[in-house]
Amino acid sequence: MRRPLVAGNWKMHGTRASVAELIKGLRQLAMPAGVEVAVFPPCLYIGQVVEGLAGKSILVGAQNCAVEPLQGALTGEVAASQLQDAGCSLVLVGHSERRILLGESDDWVARKFAAAQSCGLTPVLCVGETREQRESGKTLEVVGRQLDSVIESLGVGVFAQAVVAYEPVWAIGTGLTASPEQAQQVHAAIRAQLAAENADVARGVRILYGGSVKAASAAELFGMPDIDGGLVGGASLNADEFGAICRAAGS
Ligand code: PGA
């Protein structure tokens, strides 16, 4: 059985004060049994969140890491080893906002994935198609290619210690959620692609859905056979809403 994971991606939101408020809210949540919960604050606030959530079973992750795993001369970047040192256990790689707005290539995403794992962090590989790609029937091709670039450079075995997040770009921050059936179709294709290389890895890997997940839509999405939790953006900034989404993953 795969243990569901609900991950809150705070993106570039927060101040010391609002982060303190959110930590307070998260500390008050009753954590559902059997669900793993993680939050991904902006890098600047990782220390504050790790300290603030001490003793609470919520993991902390980063939204990005450098292509080089170890510290060195790379101005403005943060190494996976430093994230690990700061108390992170996961890191997002290949979020569409970084692929599209910052031009991150499949090759860079694979290097970040490897950097994360070499430092003991669990990479959460984000994949997903744009609206134009979906409308032209290219969804599975696009997602398949994004997944394949990691399999080709690192081998399928790396997914034994990784998470995949399917996030249709058209659903991110738009209020448009993929229907449970639309999401399930892509999740099943991702798992089948991994299974073609290694059935055990495919059976064990958690595939999260992301894109306007709200408490109201979570239970139906998480009820699909290949959806193992969610990567939640906007709704993760509200502790009560996020808590309700976490509970939906446990039911
Ligand atoms: P959203 O973001 O829930 O605000 O759509 C999800 C994400 O980008 O991870």
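Which residue forms a salt bridge with Arg131? I started my notebook with that one, and the partner is Glu132. The closest N and O atoms of Arg131 and Glu132 are 3.9 Å apart. I kept the pair because the cut-off for a salt bridge is 4 Å. A reminder to myself before going on: this is a predicted model.

**Entry 1: salt bridges**

I looked up how exposed the two partners are. Arg131 is partly exposed, with a relative accessible area of 44%. Glu132 is partly exposed too, at 49%. Both values stay under the exposed class, because that class needs over 50%.

I then asked for the total, and the count comes to 16 salt bridges.

Next I went to Arg98, which forms a salt bridge with Glu104. Here the closest N and O atoms lie 2.7 Å apart. I checked the burial of each side. Arg98 is partly exposed at 22% relative accessibility, whereas Glu104 is buried, with a relative accessible area of 8%. The two get separate labels because buried means under 20%.

My third stop was helix H9, residues 199-204. Arg203 and Asp200 both lie in this helix, 3 residues apart, which is about one turn. Their side chains meet in a salt bridge, 2.6 Å from N to O. I found Arg203 exposed at 53% relative accessibility, and Asp200 is exposed as well, at 55%. I also noted a network: Arg2, Arg191, Asp226 and Asp228 are joined into one by salt bridges that share partners.

**Entry 2: aromatic pairs**

How many aromatic pairs does the count come to? I got 2. I wrote down one of them, Phe113 with Phe159. The ring centres are 5.4 Å apart and the planes make an angle of 55 degrees. I noted the pair as tilted, because 55 degrees is neither under 30 (stacked) nor over 60 (edge-to-face).

Where do the two rings sit in the chain? Phe113 belongs to helix H5 (residues 106-118). Phe159 is in the loop between helix H7 (139-154) and strand E6 (163-166). The residues are 46 apart, and the pair links distant parts of the chain. I looked up accessibility too: Phe113 is buried at 0%, and Phe159 is buried at 1%.

**Entry 3: around the ligand**

I turned to the ligand, which has 13 residues around it. Lys11, His95, Glu167, Gly173 and Ser212 come nearest. By class I listed the shell as 4 nonpolar, 7 polar and 2 charged residues.

I then went through some polar contacts to oxygen atoms of the ligand:

- For His95, an N or O atom of the side chain is 2.7 Å from a ligand oxygen.
- For Gly233, a backbone N or O atom lies 2.8 Å from a ligand oxygen.
- For Asn9, an N or O atom of the side chain is 3.4 Å from a ligand oxygen.

How much of the ligand's accessible area does the protein cover? I noted 96% of the 280 Å² that the ligand has on its own.

**Entry 4: Asn9 and Lys11**

I stayed with Asn9 a little longer. Asn9 lies in strand E1 and is buried at 4% relative accessibility. Besides its contact with the ligand, the Asn9 side chain reaches the backbone nitrogen of Lys11 at 3.0 Å.

That led me to Lys11, one of the residues that come nearest to the ligand. Lys11 is found in the loop between strand E1 (5-9) and helix H1 (16-27). I recorded Lys11 as buried because its relative accessible area is 18% and the limit for buried is under 20%.

**Entry 5: two positive phi angles**

Why did I bother to note the sign of phi? Most residues other than glycine have a negative phi, so a positive one is worth a line in my notebook. Lys11 has a positive phi of about 50 degrees, and it is not a glycine. Ser212 is another such case, with a positive phi of about 55 degrees.

I placed Ser212 in the loop between strand E7 (206-210) and helix H10 (215-222). Ser212 counts as buried at 10% relative accessibility. Like Lys11, Ser212 is among the residues that come nearest to the ligand, and I closed my notebook there.

Note on methods. Residues are numbered from 1 along each chain as its sequence is written. This is a predicted model: local features need pLDDT of at least 70, side-chain atom pairs count only at pLDDT 80 or more; totals for chains, interfaces and linings use all residues. Side-chain values use heavy atoms; hydrogens and water are left out. Rings of Phe, Tyr and Trp (its six-membered ring) pair if their centres lie within 6.5 Å; planes under 30 degrees apart count as stacked, over 60 as edge-to-face and the rest as tilted. Helices (H or I, at least four residues) and strands (E, at least two) are DSSP runs, numbered from the N terminus. Buried means under 20% relative accessible area, exposed over 50%, partly exposed in between (1.4 Å probe, protein chains only). A residue is near a molecule or strand if one of its heavy atoms lies within 4 Å of it. A polar contact is a pair of N or O atoms within 3.5 Å; within protein, one must be able to donate a hydrogen and the other to accept it, and residues adjacent in sequence count only if both atoms are side-chain atoms. Accessible areas come from the Shrake-Rupley method with a 1.4 Å probe; for residues, only the protein chains shown count as cover. Ala, Val, Leu, Ile, Met, Phe, Trp, Tyr, Cys and Pro count as nonpolar, Asp, Glu, Lys and Arg as charged, and the others, Gly among them, as polar.
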